[in-house]
Amino acid sequence: MTNSDLDAVVAAVRERIDPDEAERRALADAAAALESRVHDALADLPVDADALQVGSTARGTWLSGDRDIDLFVRFPADLDREELEAYGLEVGHSVLPDGHEEYAEHPYVKGDYGGFDVDLVPCYDVPSASDIRSAVDRTPFHNAYLTERLDDGLAADVRVFKRFLKGIGAYGSDLRTEGFSGYLAELLVVEHGGFEPLLRAAADWSPQVEFDPEDHGTRRFSDPLVVIDPTDPERNVAAVCSAENVARLQHYARDLLSDPRESLFFRPDPPALDADGVRDHLDRRGTTAVAVVFDCPDLVDDQLYPQLRKSLTGVADGLDRRGFDVFRRATFADTEDDADGEAVLFAELSVAERPTVERHEGPPVHVRQHAEGFYGAYEGGDDHYGPFLDGDRYVVEREREFTSATGFLESDALFDVALGKHVESTLKEDGYDVLVGDDVAALAESFGPELGRYFAPRP
């Protein structure tokens, strides 16, 4: 592979992702009009505040087709929190009269203006990112830092890197994806001086990978990728990035460098599966699938997915401890329809049924105190076999609590495993269904794309 091969691919990708002049002009005009409306709304308030466009559209790192404009309204740092929220919403509704309120750390207004999706967010105008009063207060400092360092060439490389991350499925700092945020992508490109140098470095990363652009970090982190926020010495910008997504970037960096091709930037998902497709895979694999299906808790994704993952781990551990050997597992959720959405804890088992008895080993006979206690506990009982000696240990064969995975999943013992708080309350209060074997094929109606990805795994 020569540099020219990768250069040609990058040039072709840029043809597809770089906003053209008309798109840039339309966005700039919309942003200017919105800022003017913000200033008009601020003129009626008894405080001094200003508006600042932030994010990728402010820094020229947005991709063609992106329609997001982020405007922050900076209020005095000594303003009461309730006043900040009230004034912020007043300005937001004045600028976006058809908008609606959403909530991050505090409420803000989201709406449409000229075909652009607009977030109008109040924040505090603090002297430094170390003095923030709410998490969003950092954003203007991120904007200033990158604006000073991103020239046209680096901004173009950021766009290419973002498209690459999207293509490999590692873009997004939401807790469903646990990937690379736009800000992190920008910092990594700036740190390495471009897209190709970043690829070559990532191909050889050995976690823990650490970068401190301003050499000012004051905390240690255990995350696989650590990028100290250049505006805040106590924050790791990559904290949400999972070890799997760090490894995913490494894998595809090597892949792209060894075989440059556009397709890695625009990979389609595997085809969705129908019920017959699910049954075909299970028959081919010879595993037994089980699924716990329940009403999706009424949570935003960033609260829901950590709870689903915790619950999945708890259920899988419970199955493994009882000898049902989890082969692979996944969790799915339908969060598009708040009223009817379902969530699924899905596992494939190597073993779905176990004998009626299980082996229970005691201590070696020479460990006298423990050995005598074990022997005494089981001596003379008629509901087990033994105790007897196997080598130098006492052993009993006793009745197994659950002979099938289904029995465990349908029992109250399910609530002895570690479940997410809201998942546990939903299972207890609203109930749940357990699907086993071919019956899980019914999930294809709601989760065909997810099952398609599950049965066509890739890095």
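Let's start with a yardstick: a residue is buried under 20% relative accessible area, exposed over 50%, and partly exposed in between. Keep that handy as you work through this predicted model.

**Exercise 1. Get an overview of the chain.**

Task: Work out how many helices and strands the chain has, and what share of its residues is buried.

Solution:
- Step 1. Count the elements: you should arrive at 15 helices and 14 strands.
- Step 2. Look at burial. Of the 459 residues in the chain, 47% are buried.
- Step 3. Check the outside. The chain exposes about 22100 Å², and carbon and sulfur atoms supply 43% of that area.
- Step 4. Get a feel for the extent. Along its principal axes, the C-alpha trace spans about 90 × 60 × 50 Å.
- Step 5. Turn to contacts. Take those in the chain with a separation of 6 or more: residues 24 or more positions apart account for 67% of them.

**Exercise 2. Explore the annotated binding site.**

Task: Find out which residues the UniProt "binding site" annotation covers, then classify Asp68 and Asp70 as buried, partly exposed or exposed.

Solution:
- Step 1. Look up the record. The unreviewed UniProt entry has a "binding site" annotation on Asp68, Asp70 and Asp119.
- Step 2. Compare sequence with space. These residues are spread over 52 residues of sequence, yet they cluster in space, with a largest C-alpha distance of 7.8 Å.
- Step 3. Check the largest pocket. Its lining includes Asp68, Asp70 and Asp119.
- Step 4. Place Asp68 and Asp70. Asp68 is found in strand 2, which covers residues 68-76, and Asp70 is found in strand 2 as well.
- Step 5. Use the yardstick. Asp68 has a relative accessible area of 40%, so it counts as partly exposed. Asp70 has 22%, so partly exposed is the right label here too.
- Step 6. List the neighbours, leaving out residues up to four places away in sequence. Asp68 touches Leu27, Thr57 and Asp117. Asp70 touches Leu52, Gln53, Val54, Gly55 and Asp119, and Asp119 is one of the residues in the annotation.

**Exercise 3. Track down salt bridges between distant parts of the chain.**

Task: For the pairs Glu262 and Arg16, Arg309 and Glu178, and Glu348 and Arg285, say where the partners sit. Which label, buried or partly exposed, fits Glu348?

Solution:
- Step 1. Recall the idea: side chains of opposite charge can pair when their charged atoms come close. This structure holds 28 salt bridges.
- Step 2. Begin with Glu262 and Arg16, whose side chains meet at 3.1 Å, N to O. Glu262 is in the loop between helix 9 (243-258) and helix 10 (275-285), while Arg16 is in helix 1 (residues 3-17); the two are 246 residues apart. Glu262 is partly exposed at 29% relative accessibility, and Arg16 is partly exposed at 48%.
- Step 3. Move on to Arg309 and Glu178, a salt bridge at 3.7 Å, N to O. Arg309 lies in helix 11 (residues 301-321) and Glu178 in the loop between helix 6 (152-168) and helix 7 (182-192), so this pair ties together parts that are 131 residues apart in sequence. Arg309 has 26% relative accessibility and is partly exposed; Glu178, at 24%, is partly exposed too.
- Step 4. Now take Glu348 and Arg285, with the closest N and O atoms 2.7 Å apart. Glu348 sits in strand 10 (residues 342-349) and Arg285 in helix 10, 63 residues apart.
- Step 5. Apply the yardstick again. Glu348 has a relative accessible area of 0%, so it is buried. Arg285, at 32%, is partly exposed.
- Step 6. Finish with a network: salt bridges link Arg14, Asp18 and Arg159.

**Exercise 4. Inspect a surface patch.**

Task: Which residues form a nonpolar patch on the surface, and is Tyr385 buried or exposed?

Solution:
- Step 1. Find the members. Val357, Tyr385 and Phe388 form the patch, with about 270 Å² of accessible area together.
- Step 2. Locate Tyr385: it is found in strand 12 (residues 384-390).
- Step 3. Classify Tyr385. Its relative accessible area is 53%, so it is exposed.

Technical notes:
Residues are numbered from 1 along each chain as its sequence is written. This is a predicted model: local features need pLDDT of at least 70, side-chain atom pairs count only at pLDDT 80 or more; totals for chains, interfaces and linings use all residues. Side-chain values use heavy atoms; hydrogens and water are left out. UniProt positions are given in the numbering used here, feature names are shortened, and annotations may be inferred rather than shown by experiment. On a 1 Å grid over the protein atoms alone, a cavity is a set of points where a 1.4 Å probe fits but cannot get out, and a pocket is an open set with protein on both sides within 12 Å along at least five of seven lines; lining residues have an atom within 4 Å of a point. Helices (H or I, at least four residues) and strands (E, at least two) are DSSP runs, numbered from the N terminus. Buried means under 20% relative accessible area, exposed over 50%, partly exposed in between (1.4 Å probe, protein chains only). Contact means heavy atoms within 4.5 Å. Patches are made of residues with over 30% relative accessible area and no salt bridge: like charges are joined within 9 Å, nonpolar side chains (Val, Leu, Ile, Met, Phe, Trp, Tyr) within 5 Å. Accessible areas come from the Shrake-Rupley method with a 1.4 Å probe; for residues, only the protein chains shown count as cover. A salt bridge is a side-chain nitrogen of Lys or Arg within 4 Å of a carboxyl oxygen of Asp or Glu.
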